[in-house]
Amino acid sequence: MYTQAMDLMAKEGASAPTAKPVRSAQEMMLEQRFEARIDDGGFIEAKDWMPEHYRRTLLRQISQHAHSEIVGMLPEGNWITRAPTLKRKAILLAKVQDEGGHGLYLYAAAETLGQSRDQLLDALHSGKAKYSSIFNYPTLTWADIGVIGWLVDGAAIMNQVPLCRCSYAPYARAMIRICREESFHQRQGYDSLLVMMQHGTDAQREMVQDAVNRWWWPCLMMFGPPDGESVHSAQSMRWGIKRISNDDLRQKFVDATVEQAKVLGISLPDPELKWNAERGHYDFGAIDWDEFWRVVGGDGPCNRERLNARVKAWEDGAWVREAALAHQRKQQTQAQAA
Ligand SMILES: [Fe+2]
Ligand SMILES: [Fe+2]
């Protein structure tokens, strides 16, 4: 089995991995160097030695993130042909295209950890890999598109800004670029809702409120299970992959969003939501974690539809991939002949 340690030892001319005591001493030294760099707040590059567990943790996280970007194109892509004006259609097209780009940066970052694009996509299509459960909810009206920008991209920003300082440098670099675009996504959603709330009809205002009512709780679930139940959290915090806990990020999101909801003139669907002067934060009601685990487990409103759409896109695009490879082979042959 390939490991980063074996690769590095081969380059440095160290003894073969069969010489077990030597190898473990070597590995201990490499691990100490790795830990020291993490403790100093340094970055790990693709070619640096890393513990296998660190590599696998990042591969899981970055590939899930990449899958979320491209599955996230589906609920909004569904509304491109029905956007109410040319301006909104152009904005939505650009946004959905950005999400495709985010997927590409992240697949490229995941590939640096030793898995091919085909392997990563195969894990998505076979249902082995997860993506963010928020995209298993349907987009029923045009207001859902504004609410996705405001709340879903807003929650994504809260989650993703700390990743710009993630200890794995290729991931951190991808996130810096992604976060800039996410802030445009959040603003376009909020702007679209503001126009409907301030200049729209009663029916449009009701449509916005209804969309907020449906998306609010699933958005709070986007930060993941409570800290006490989050399996990978503690190790990821130690490794500098994760910088802020699930519950702290969720609280930050609630605090920021309540104020934005006031400006919009909509209410958030939680009777227990109120300012707590002692804590300096908003208190909020209990999240239905049974629903969260049901959707993660595959039984959300749109899980099957989303996966089928991805598999169909992959199959329909086979000829494009084959043509690109044939073109590349032709170019190589011509270059060799010249
Ligand atoms: Fe994105
Ligand atoms: Fe986005």
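At what angle do α5 and helix α7 (residues 142-160) pack, and how far apart are their axes? The legends below take up that question and several others, using a predicted model.

**Figure 1. Helices α5 and α7 pack against each other at an angle of about 45°.**
Here is the answer to the opening question: besides that angle of about 45°, the axes of α5 and α7 lie 13 Å apart. Angles under 35 degrees would count as roughly parallel and 65 to 115 as roughly perpendicular, and α5 and α7 are therefore oblique to each other. The crossing in which α5 passes α7 is left-handed. If you would like to find the contact in the model, look in α5 for Arg88, Leu92, Lys95 and Glu99, which meet Trp142, Ile145, Ile148 and Asp153 of α7. Two residues in this contact, Glu99 and Asp153, are also among the donors of the iron ion (ligand 2).

**Figure 2. Four residues coordinate the iron ion (ligand 2).**
The donors are Glu99 and Glu182, each through OE, Asp153 through OD and His185 through ND1, at 2.0 to 2.2 Å. Why is the arrangement irregular? The angles subtended by the four donor atoms run from 87 to 161°, whereas a tetrahedral site would need all angles between 85 and 135 degrees. For anyone reading along the sequence, the spacing of these donor residues is E-x53-D-x28-E-x2-H. The last two, Glu182 and His185, sit three residues apart in helix α8 (residues 169-199), so about one helical turn separates them. Both of these α8 residues are buried.

**Figure 3. The iron ion (ligand 1) has its own set of protein donors.**
Glu69, Glu99 and Glu182 each offer OE, and His102 offers ND1, at 2.0 to 2.2 Å from the iron ion (ligand 1). The angles among the four donor atoms are 86 to 146°, and this site is irregular. Along the chain, the donors are spaced E-x29-E-x2-H-x79-E. Which residue bridges the iron ion (ligand 1) and the iron ion (ligand 2)? Glu99 is the bridge, and the two ions lie 3.4 Å apart. Glu69 in helix α3 (residues 52-71) and Glu99 in helix α5 (residues 86-111) form a pair that links distant parts of the chain, 30 residues apart. Are Glu69 and Glu99 buried or exposed? Both are buried.

**Figure 4. Glu76 lies in helix α4 (residues 73-77).**
With a relative accessible area of 2%, Glu76 is buried. What surrounds Glu76, once its neighbours within four places in sequence are left aside? The residues in contact with it are Leu92, Lys95, Val96, Ile145 and Ile148. Several of these names may ring a bell from Figure 1: Leu92 and Lys95 of α5 and Ile145 and Ile148 of α7 take part in the contact between those helices.

**Figure 5. Val147 is a buried residue of helix α7.**
The relative accessible area of Val147 is 0%. Not counting residues up to four places away in sequence, Val147 touches Val152, Leu193, Val208, Ala211, Val212 and Trp215. Val147 and Asn213 are 66 residues apart in sequence, and their C-alpha atoms are 10.0 Å apart in space.

**Figure 6. Helices α8 and α9 pack at an angle of about 140°.**
The axes of α8 and helix α9 (residues 202-221) are 8 Å apart. That angle makes α8 oblique to α9, as only angles over 145 degrees count as roughly antiparallel. The two helices cross in a left-handed sense. From α8, Leu193, Met196 and Met197 meet Gln204, Arg205, Met207 and Val208 of α9. Leu193 and Val208 in this contact are also among the residues that Val147 touches.

**Figure 7. Helix α6 (residues 117-125) contributes several buried residues.**
Leu120, Leu121, Ala123, Leu124 and His125 are buried in α6. Which helices do the buried residues of α6 pack against? Their partners are α3, α5 and α13 (303-316). After α6 comes Gly127, with a positive phi near 85°.

**Figure 8. The close-ups belong to a chain with 14 helices and two strands.**
The C-alpha trace of the protein chain spans about 75 × 60 × 35 Å along its principal axes. Of the 338 residues in the chain, 47% are buried. Among contacts with a separation of 6 or more, 75% are between residues 24 or more positions apart.

How values were computed:
Residues numbered from 1 in each chain as written. Chains lettered and ligands numbered in written order. Predicted model: local features only at pLDDT ≥ 70, side-chain atom pairs only at ≥ 80, totals over all residues. Heavy atoms only, no water. Donors = N, O, S within 2.8 Å, 3.2 Å for Na, K, Ca; no water. Tetrahedral: all angles 85-135°; square planar, octahedral: opposite > 155°, others 65-115°. Helix = DSSP H or I, 4+ residues; strand = E, 2+ residues; numbered from the N terminus. Buried < 20%, exposed > 50% of the residue type's maximum accessible area, 1.4 Å probe, protein only. Axes fitted to C-alpha atoms, helices over the stretch in contact; angles between N-to-C directions. Left-handed = near helix turned anticlockwise from the far one by under 90°. Contact = heavy atoms within 4.5 Å.
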